[in-house]
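User: I'm new to this one and would like to know what the labels rest on. Can we go through it step by step?
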Amino acid sequence: MPMPQERNGRQASRGRGAGAPGAAGAGVGSRSEPSRSRSRAPPLHRPPIPSKPLEALWQIPETLAFNIASADSHGEVLVSYDPEGPDRPGVVLLPVSQYLQLLTSLIEKESSWEILSYVLCHLPVQLANKHLFCGPKSRAAISKLMTALCTGIITGELASAVEAWPPGLKARDAHGLAYQTLSVLVSYKRCFDLQQRHLLVEVFNSGLNDQLTTTKCCLHALTLCAFELKPSMTKCLSRILEKLSQIMSNPNMAVHIVGFLSIIGGVPELRVNFTEGDFKMVFGVALQYLQHYNRQSANMKMNTAPSGGGGGGGGGGGGMSWALSQHVRILSYSVVYNWFLAVKLPDRPRHIRYITRQLLLANEGNTAVDAPTEVCFDWLARYTYASADPRPAHSVFSEIVLHPSAADAQSAIRETEKTWVMGNSIVTVRALPRSGWVEVMSRRPSGFSRVENVPMVGPGDVGPDLFSIPAGLIMERDPPRVGATVEGEPVEVDEDSLALSDVGEDEEGVPRPDPIKGYVWSKTAPSQRRKHVDIDPSFLILQLSPFPDGTTEPFIKRVHDPSTVPKFVASLDRIPVIDTHKVGILYVAPNQTHETDILQNAHGSPAYTRFLEGLGRLINLRGQVDVYAGGLDPDEDGEYAYAWWDDIGQILYHTATMMPTDVAADPLCNNKKRHIGNDYVRIVWNDSGRAYRFDTLKTQFQFVNIVIEPHSLGTIAAFSNNLHENEYFKVLMQLGPGMTEFAPVGNFKLISAENLPLLVRQLSLLSDWFASIFRETQMDTARVEMKTNWHSRLEAIRRFKNQLPQELDREEALVDAAAEGGVMGQEALRDFTTSF
């Protein structure tokens, strides 16, 4: 039975036997599954002892016997806290602090499992109603409650006073229920001192050694602590990673462990004290699953007859569905990429030997490494010696020279171009005669590398190039204006916005942000952002080498037919060098339940607006270069959108409130729905005061909803700017039929408004990955391999390489040279014109 929801009283819950504790889903074993520690000896045959049937002590009815006031109203007589004092006439004060004290006493001393299970099952939902527990007395009682739970779990005394346990249950199951309450208490961190916060994280860490459901609950809670209790997590993270490396072999925990590492990888504060050994543990945990995955895949190929491609979802090994195994596989590589970028550039080469060994161990027994491993090696070659962008921008000089205007086309000098295939890379060199300009472009699975020299030919030289000289002079002009930094990266300011808004400049000459739009990312792709770039000389030679084609002799082959290059290059360049995702965002106003009303919303609450600002960066869709726009047309869908990116991927958010709303021309808002309705993942900001139905938006693609709503019942802060009301929010995940749990949310999580955008961004990324895989595998019924953009680029390069004509004369000459020996045997090798 799922944990009871406070606004849905339709699921009955009973307190006798295993039904009640199973409600929380944290550590309670089923009656059909005996305890691990139970003896396997056959039971003794004894005559049954007659027992009096017991009545259930508590039960949640199907329907409530009283009416609940509307969500946007509050009681005028009964209050839980009155800041004006407890003796105000006409107001009855509910002594919530005394209630909490009673609960603490029950948890410490209660001997009846019926009563204790009732408290532990329903306490998390009650504590989520944070407005109920206000005032200094309640804060002190919350602190004592947390200490009692933590102490009871660590010492083993929690539920030790229970006199009679139902069959199949014992004290550790009560501990599993208590972890649910502790995960909600993270949102009460202001009630705890630093030592208590450390204690809370330590208790969650200790639960990683428990049974599966308890381990999962603790790992989800630690994900929350990574945002809310950063100092405590930083102190304990090394020990947490050590435990994760010990339990990673359990395939049922793999998705939660890798998801945890993926999410906390986006919290740089946790890595301030990381050592080389700590990073190695992270890489080891992620790569350990790849070894397990490949072993299971090899066993399945040996034990399963070849089929036509379909065949059931069970394919990941260890009981894991095929879609989930593909999801964990992609996330494992993503963890390696994100955490490798977190290593300081001078320290990165030290990790290559260890990562290389683990990758090869994962492919042990194969004749060649698989494509994702090849992609990983190529990616490591890109980022080990540099932090360069995966798709660098063309210089002003090359744009003018290679793309002259119609007036200058006659005087432009046509460049010469040659292309080579080197391992898994396509190297193109373009040059301008006389001017000395050369551009070297290396296209690899993980991105582009571009090297260019700018000719310094003055107008006083003999026979100057009057076309390239102006281009060189233009390069020396001031670069585009750069504003402030956002998330550590400088922002290129939209000059049009500056001209229209007349925002002026501050004392240091830096343009101030627009009062409405703030800083806007304009005319620059995510991969072309102006950031500090560090490059080691090894980077250049590595990018121009055949690596990682390590199983053959260095493969360098000239493409002699230049007519085949433009079509292939255009096709390859259309495959992004990072993975792209699109996610819909809906705002549900008070009392709204119908999709048309929701789609017609043109704005949201102040808290919703602040959430959007933290979720991503505002970009101007008009004039963007190589940016993933998620199908948005600035002329039809609005000129601005929110997006987020790094060197690994990009998310474009289809925000309904930012799209044009023309009720007269489009009353059903089909223009908005054609984008948001086709998204696999939707973020729903629910201020309706009611539970959001999963199928509210009628669409074929019903996979994942990430629902955000106020933490307390009966309160709507939709149009309030009170920071106390918007301090915390509840996050829920709604999954489509057949989808396995993959995100660290459980029944719900409470998180602060400050960290809400960071968590939801990570959840939306994980969700879109899994939903895409779920869809690709035909709802987890077909064994289809999910490919990243890098994987697709590698396959395209390999196809082009295999289509090149074989140079039989050169190969025969090499064979003859090897047989002849001596100096003359080097003739075929010395004739470099055959390759260059």
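User: What joins β5 to β6, and through how many residues?

Analyst: A hairpin does that job, and it takes 2 residues to get from β5 to β6. Keep in mind that this is a predicted model.

User: What makes β5 and β6 a pair of strands?

Analyst: The cut-off is at least two bridges between the strands. Strand β5 (residues 438-444) and strand β6 (residues 447-453) have 7 bridges, in the antiparallel sense, so they count as paired. As an example of who faces whom, E439 stands opposite E452 in β6.

User: How do you know that β11 and β12 pair too?

Analyst: By the bridge count again: 4 bridges join β11 to strand β12 (residues 640-645), against a requirement of at least two, so they pair. The two strands run antiparallel. In β12, A643 is the bridge partner of R617.

User: What makes you say that both faces of β11 are covered?

Analyst: Look at the residues on each side of β11 (residues 617-620). R617 and I619 are on one side, L618 and N620 are on the other, and all of them are buried.

User: Why is the pair of Y179 and F204 called tilted?

Analyst: Their ring centres are 6.3 Å apart, and the limit for a pair is within 6.5 Å. The angle between the planes is 35°; stacked needs under 30 degrees and edge-to-face over 60, so this pair falls into the tilted class. Y179 lies in helix α4 (residues 171-185) and F204 in helix α5 (residues 194-206), so the pair ties together parts that are 25 residues apart in sequence.

User: Why are Y179 and F204 called buried?

Analyst: Buried means under 20% relative accessible area. Y179 comes in at 2% and F204 at 0%, so both pass.

User: What about W379 and Y383, why is that pair called tilted?

Analyst: The centres of W379 and Y383 are 4.6 Å apart and the planes are at 35°, so tilted is the right word here as well. Both residues lie in helix α12 (residues 371-383), 4 residues apart, about one turn of the helix. An α-helix has 3.6 residues a turn, so residues three or four places apart point the same way. Both W379 and Y383 are buried, and they belong to one aromatic cluster that also includes F283, Y333 and W790. The structure holds 23 aromatic pairs.

User: What makes K130 count as lying over the ring of Y188?

Analyst: K130 is over the face of Y188, 3.9 Å from the ring centre, and the distance limit is within 6 Å. R271 has a similar place over the face of W339, at 5.7 Å from the ring centre.

User: How do you know that the length of α22 agrees with what a helix should span?

Analyst: Helix α22 (residues 756-776) has 21 residues, and at 1.5 Å a residue it should span 30 Å; its end C-alpha atoms are 30 Å apart, so the two agree. Of those 21 residues, 18 are buried, so α22 is largely enclosed by the rest of the structure. Just after α22, Q778 takes a positive phi of about 55°.

User: How do you know that α1 passes that length check?

Analyst: For α1 (residues 96-109), 14 residues at 1.5 Å each should span 20 Å, and the end C-alpha atoms are 20 Å apart, so that agrees. Its buried residues include V96, L100 and L103. Among what covers the buried residues of α1 are α2 and α3.

User: Why is I115 called partly exposed, while Q702 is called buried?

Analyst: I115 has 36% relative accessibility, and partly exposed is the zone between the buried limit, under 20%, and the exposed limit, over 50%, so the label fits. I115 lies in helix α2 (residues 113-128) and touches L106 and E110, leaving out residues up to four places away in sequence. Q702 has 16%, so it counts as buried. Q702 lies in the loop between β14 and β15, and with the same exclusion of residues up to four places away, its contacts include R682, F694 and G736.

Methods. Residues numbered from 1 in each chain as written. Predicted model: local features only at pLDDT ≥ 70, side-chain atom pairs only at ≥ 80, totals over all residues. Heavy atoms only, no water. Phe/Tyr/Trp six-rings, centres within 6.5 Å; stacked < 30°, edge-to-face > 60°. Buried < 20%, exposed > 50% of the residue type's maximum accessible area, 1.4 Å probe, protein only. Lys NZ or Arg CZ within 6 Å of the ring centre and 35° of its normal. Expected span 1.5 Å × (residues − 1). Contact = heavy atoms within 4.5 Å.
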